[in-house]
Amino acid sequence: MVDHLANTEINSQRIAAVESCFGASGQPLALPGRVLLGEGVLTKECRKKAKPRIFFLFNDILVYGSIVLNKRKYRSQHIIPLEEVTLDLLPETLQAKNRWMIKTAKKSFVVSAASATERQEWISHIEECVRRQLRATGRPPSTEHAAPWIPDKATDICMRCTQTRFSALTRRHHCRKCGFVVCAECSRQRFLLPRLSPKPVRVCSLCYRELAAQQRQEEAEEQGAGSPGQPAHLTGPICGASSGDDDDSDEDKEGSRDGDWPSRVEFYGSGVAWSAFHS
């Protein structure tokens, strides 16, 4: 199907229509061999609340954005290379159904479909495209994934110190390493995580200690293996009080008692329908 559509006029028209909906704020999507396979609206679990997002599945990328006017105008375009994608099914609950997690090294998030059938269609087509991309590029499946952010509404207190209660004046923050909802005092440090950002990002106190210890060990090993007098490569952590002006936002935004909350809690346990797949 992909080969059959790759250089057809109808495929070019479909991709041009998507580019037009995103307008000048979006990136060009037309490339030789790229095929638009399907599209639809999914509910994305954002930081503050779940919101509808338009998704487009191409043979090599997954594109999504915010809906301004359905079929007419979209914004906040995000492009995810499919060779970086891993999917995880999430268990059903009374409040949350037909959910799965889209995981990449830079960002992981949860989406849900209108029905179990629609969810299965999305998952099967995405996984098939991922397999094709991995075969074409010769890359192994991705094994390193960013932690999904736990939604703000999941807790009224800091998930590290368990003492600070959030309010209109006491902001919630998210650790970029574990995704926990934490207070400013428990997320004062920054650490360089190159796969997430070229700049140091906010991390909680527990993750900071673990990352700093790992870095010290790596530096000691590098110094031991290097020649005398040769400095080790440093990517040092950066500490600083939270100013509240870091990038603590999703695209929606237009302490000493770490042991009190389990450090490895699995918060996510492992009628708009999908448009007909283009054939």
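Visitor: In this predicted model, which residue forms a salt bridge with Asp152?
Guide: The structure is a predicted model, and a salt bridge here requires a side-chain nitrogen of Lys or Arg within 4 Å of a carboxyl oxygen of Asp or Glu. For Asp152 the closest N and O atoms of the pair are 3.1 Å apart, and the partner that supplies the nitrogen is Arg47.

Visitor: How many residues apart in sequence are the parts that the pair Asp152 and Arg47 ties together?
Guide: Asp152 lies in the loop between α3 (116–137) and β8 (173–174), whereas Arg47 lies in the loop between β1 (36–45) and β2 (50–58). The pair therefore ties together parts of the chain whose separation in sequence is 105 residues.

Visitor: Are Asp152 and Arg47 buried or exposed?
Guide: To count as buried, a residue must have under 20% relative accessible area, while an exposed one has over 50%. Asp152 falls in the first of these classes and Arg47 does too, which makes the description of both residues buried.

Visitor: Which helix holds both Glu128 and Arg131?
Guide: Glu128 forms a salt bridge with Arg131, and the closest N and O atoms are 2.9 Å apart. In sequence the two residues are 3 residues apart, about one turn of the helix, and the helix in which both lie is α3.

Visitor: Which residue forms a salt bridge with Arg132?
Guide: The partner lies with Arg132 in helix α3, 4 residues apart from it, about one turn of the helix. The closest N and O atoms of this salt bridge are 3.2 Å apart, and the partner of Arg132 is Glu128.

Visitor: What is the relative accessibility of Arg132, and is Arg132 buried or partly exposed?
Guide: Partly exposed residues lie between the limits of 20% and 50% relative accessible area. Because its value falls in that range, Arg132 counts as partly exposed, at a relative accessibility of 40%.

Visitor: How many salt bridges does the count come to?
Guide: The pairs described above include Asp152 with Arg47 and Glu128 with Arg131. When the rule of a nitrogen within 4 Å of a carboxyl oxygen is applied, the count of salt bridges comes to 12.

Visitor: What is the distance in space between Ile102 and Val85?
Guide: Ile102 lies in strand β6 (residues 99–103) and is buried, with a relative accessible area of 1%. Leaving aside neighbours within four places in sequence, the residues in contact with Ile102 include Phe55, Leu62 and Val85. Although Ile102 and Val85 are 17 residues apart in sequence, their distance in space, C-alpha to C-alpha, is 6.7 Å.

Note on methods
Residues numbered from 1 in each chain as written. Predicted model: local features only at pLDDT ≥ 70, side-chain atom pairs only at ≥ 80, totals over all residues. Heavy atoms only, no water. Buried < 20%, exposed > 50% of the residue type's maximum accessible area, 1.4 Å probe, protein only. Contact = heavy atoms within 4.5 Å.
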